[in-house]
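Hi,

Here is the structure I said I would pass on. Have a look at it first, and then read my notes underneath.

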Amino acid sequence: MAKQKIGIDVGGTNTDVVVLDQKNNVVAKVKTPTTGDITTGILQGLKKVSISKSVQKENVTHIMLGTTHCTNAIVQRKGLAKVASIRIGSPATHLIPPMMDWPEDLKAAVDGHHFIIGGGYEFDGRLLNNLSEDELNEVFNRIKNKVDAIAITGVFSQINSEQENEVCEFFHKKLGKNFPVSLSHEIGSVGILERENATILNAALYPIARDLTDAFNIAVSTMGFNAEIFFGQNDGTLMSVDYARKYPIFTIACGPTDSIRGAAFLSGIQDGIVIDVGGTTTDVGVLVNGFPRESAVSANISDVRTNFRMPDVLSIGLGGGTIIKTVDEQVSIGPESVGFKLSEEAIGFGGATATLTDIGILSGKMNIPEAKSITQIRDQLESKFSKTDEFVKNVLVKIADLTKDVIDSLKTNAEDIPVILVGGGSQLMPDKISGTSSITIPEHYEVANAVGVAIAQISGEVEKVYNIGGTTREQVIEETKSLAIKDAISAGADKKTIEVIDSEDIALAYLPNALKVKVKVAGDLLV
Amino acid sequence: MRELGKQQIEDIALGATVLGTGGGGDPYLGKLMALNAMAEYGNVKMITHEEVPDDALVVPIAFMGAPVILIEKLANGNEAKDALKMLEEKLGKKAFALMPIEAGGMNSMAPLALAAELGLPIVDSDAMGTAYPQLQMVTFTLHDIPSTPLAQADEKGNRVLYETISNLWSEILAGNAIIPMGGACVIACYPVLGKQLKKAGIHDIVTYSEEIGSAIREAKNNSLNPVKTLIEKANGHLLFEGKITDVVRNTEGRFLKGLIKVEGLNDFSDSKMDIDFQNEFLMAKVNGKTVAMVPDLITIVDTETAKPITTETIKYGFRISVIGMPGNEQWRTEKGLEIVGPNAFGYSEEYQPVEKLNQ
């Protein structure tokens, strides 16, 4: 039988479910409202899609989930674990203690004691300090029965992870081998504060990740699927359920990534600009070699500084639910939106608020069968804004201007660039945008996010600082690459399809022969 | 005399990174370091050079090492105290005040944490007005002020005291000790008396950093264009606007040298810029024509926020604006150019002021 896979995108407004066949053709798709508990929405989506004749439950081998659940938990400070944060690095690093500049309320929700203990390595792998058993016992006595998880961050653990592992073993012996421990060398790159922050956040997300993965497992088996489950992460690649339970932090910001990847796949375009028009915002990102271009500045998660890979996305307050009005006889668009209340408040759905969806219908760009007729909408708009035709025209011009500006600021050169439009509000966009060479609205544009997570790849990434005395730059890059490939294979990637998607090396100032190398590889999921 | 609080510290760290022209370290760490000490010991007082008695001792404190090491192996916090103590013992004299040696995210902050702990003021002066990669590249050298006795301390408690025959020798010897120390250390050097500082220092530089930092911060709040605001504040020239298309980095000796390639956007589309750096940005060319060079300041900032970007963090794809600012007058003299002019960094080009190149 032909195998199938399912991609699920849980967005702020809708939960989208798509079913793909072995050749990644979309065989079924549904949109259903997102629910507060997430699971109900997913269950609904899976139920609806299962009705389709082209879907055979028993043939579905993989189900992939893209979700902002973890992001929301951090933003709302809800359900987070109390974390003991242990930094290994004394006598170094006392200058700036852990969690120093976290927002107070988030710190209160997460901080269950923090410590700086003796240990760490130098940049060249030499020992900075030994671990002390006495010190570890003291930490244990302080945190016993007081914390739900532990985060361990060692100085230059990217060079040598031995001490982080030793401390982990110590606590696993004391607290049981299933006690959640998050190790920094598995989470982030060089830059101790950012890596430590990410490691602590990761540990804080353990209960969320456990509940989410459990709920997802149950939803999938309740619906009678016997498929392997994956989660989408923010670099456009997938991770297994076990991995997601261990590294929930990597699900942060996977939404824009999935839409960019989905757009690339659906359109066949590898380099260009992706415009995802949703209900509240339009997210514009850049596609380079089929992957989202990463952001340059360090990524903050809820005001906590991290050094994560995040797609370089600009958001503007422009979507199907965006409210339009006139200010001093000039058209004003958003940024306010009616959001998920579109189907109640928009004029086209019997409400009293003029939204971009109404303009879309009136201009003939959007065709929504369940909405009111063009005449009815025109009448109501006429009472709000005189000269309706001119008003509609001005709104469309304004949309084109806003879009052109955001594309301009993302472009790397003056050359015209292909644009791919996805998302439910795509039709609002103009037929022509200056600075673009083509505008493509691919089939299944409205579920591009779910397609993006369904086709996501498995990746491996390694960053290390080497002393290249006695070896060469090429050799250490090669070594880093093979470590990254090993990483990807162990995460489930098909060896034959693995390619390097990012390689970077930086010589360290003042230090002869010291080279920081980072390599990221990705390959297709081994089906 | 005035007191520096949280807001001032944030502004100084940001503004000093603008003046640091890509070097001088990460302003985020610098800020946290100072704030942490001030939370424990109270705010720091800052005095002007005029408030320093002629015979009082002022000691510059600085981090020395690779910024990439500093962001991973944070300091202990006792290094500066150890180095200062060693220097004071050698001189048989207590410091009246501390001062930064260069502008930069970390190094403008370096004396602040210790000043808070010891209850000493810092002086609103430095000896570069920007950041340079070598120890002898200070205005003190122009006035024949020796860098030694120089005390160097690491986080492990190791301390070394130098007496050298020239400031260049201090650079060579102290620079070599950094690697065995684990890539980063703190130095207390160029001990100066009030009367020497008044003549040789670059004055009101911390306040100037603060003004630049607050201008950037407030531009955002007041819906002004941050880059334009920065240019007005810093008497600068917009040299280029574009997107980074390549960063080539090489280690030559102990230095991070490299080249940044930028493709133009907006008013600069169809143009290309090349920027050379050696820890700091040294030379900027548009379509092969030089538009700014050392000792004038070349700074790269994020086009949207005007936040400065340092050489160890700059990457492909950044949308940046490049700003040229006149260097300090002391550096634009014949003697100054010998030490930090284009020839000192291996360029054959003769120095031309940024305002002349961008008339």
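Let me start with strand β17 of chain B, residues 297–302, which is mostly covered: 6 of its 6 residues are buried. Buried here means under 20% relative accessible area, with exposed being over 50% and partly exposed in between (1.4 Å probe, protein chains only). Strands are DSSP runs of E with at least two residues, helices are runs of H or I with at least four, and both are numbered from the N terminus. B:Leu297, B:Thr299 and B:Val301 point one way from β17(B), while B:Ile298, B:Ile300 and B:Asp302 point the other way, and all are buried.

Before going on, a word on the ground rules. This is a predicted model, where local features need pLDDT of at least 70 and side-chain atom pairs count only at pLDDT 80 or more, while totals for chains, interfaces and linings use all residues. Residues are numbered from 1 along each chain as its sequence is written, chains are lettered from A and ligands numbered from 1 in the order in which they are written, and side-chain values use heavy atoms, leaving out hydrogens and water.

Back to the strands. β17(B) runs antiparallel to β18(B), residues 319–325, and 6 bridges join them; two strands pair if DSSP finds at least two bridges between them. One partnership to look up is B:Ile300 with B:Val322 in β18(B). Elsewhere in chain B, β1 (residues 2–4) and β2 (residues 44–47) run antiparallel with 3 bridges, and B:Arg2 has B:Met46 as its bridge partner. β2(B) also pairs with β5(B), residues 122–123, in the parallel sense over 2 bridges. There, B:Ile47 is matched with B:Val123.

Next, where the chains meet. How many residues of chain B are in contact with chain A? It is 48, against 47 residues of chain A, with contact meaning heavy atoms within 4.5 Å. The area buried between them is about 4200 Å², and carbon and sulfur atoms give 62% of that. Buried area is the accessible area (1.4 Å probe) that two parts lose on being put together, summed over both. On the chain B side, B:Tyr28, B:Glu72 and B:Leu74 lose the most area to chain A, together 17% of what that side buries.

There are 4 salt bridges between the chains, each a side-chain nitrogen of Lys or Arg within 4 Å of a carboxyl oxygen of Asp or Glu. B:Lys73 and A:Glu122 form a salt bridge through their side chains (2.7 Å, N to O).

Finally, two spots in chain A. A:Asn202 sits in helix α6, residues 192–204, and counts as buried because its relative accessibility is 0%. A:Ile249 is 47 residues away from A:Asn202 in sequence, yet their C-alpha atoms are 4.9 Å apart. Leaving out residues up to four places away in sequence, A:Asn202 touches several others, including A:Ser182, A:Ile187 and A:Tyr247. Its side chain makes a polar contact with that of A:Ser182 at 3.0 Å. A polar contact is a pair of N or O atoms within 3.5 Å; within protein, one must be able to donate a hydrogen and the other to accept it, and residues adjacent in sequence count only if both atoms are side-chain atoms.

A:Thr251 is in the loop between α8 (241–246) and α9 (254–267) of chain A, and counts as buried because its relative accessibility is 4%. Neighbours within four places in sequence aside, A:Thr251 is in contact with residues including A:Thr67, A:Cys70 and A:Met239.

Cheers
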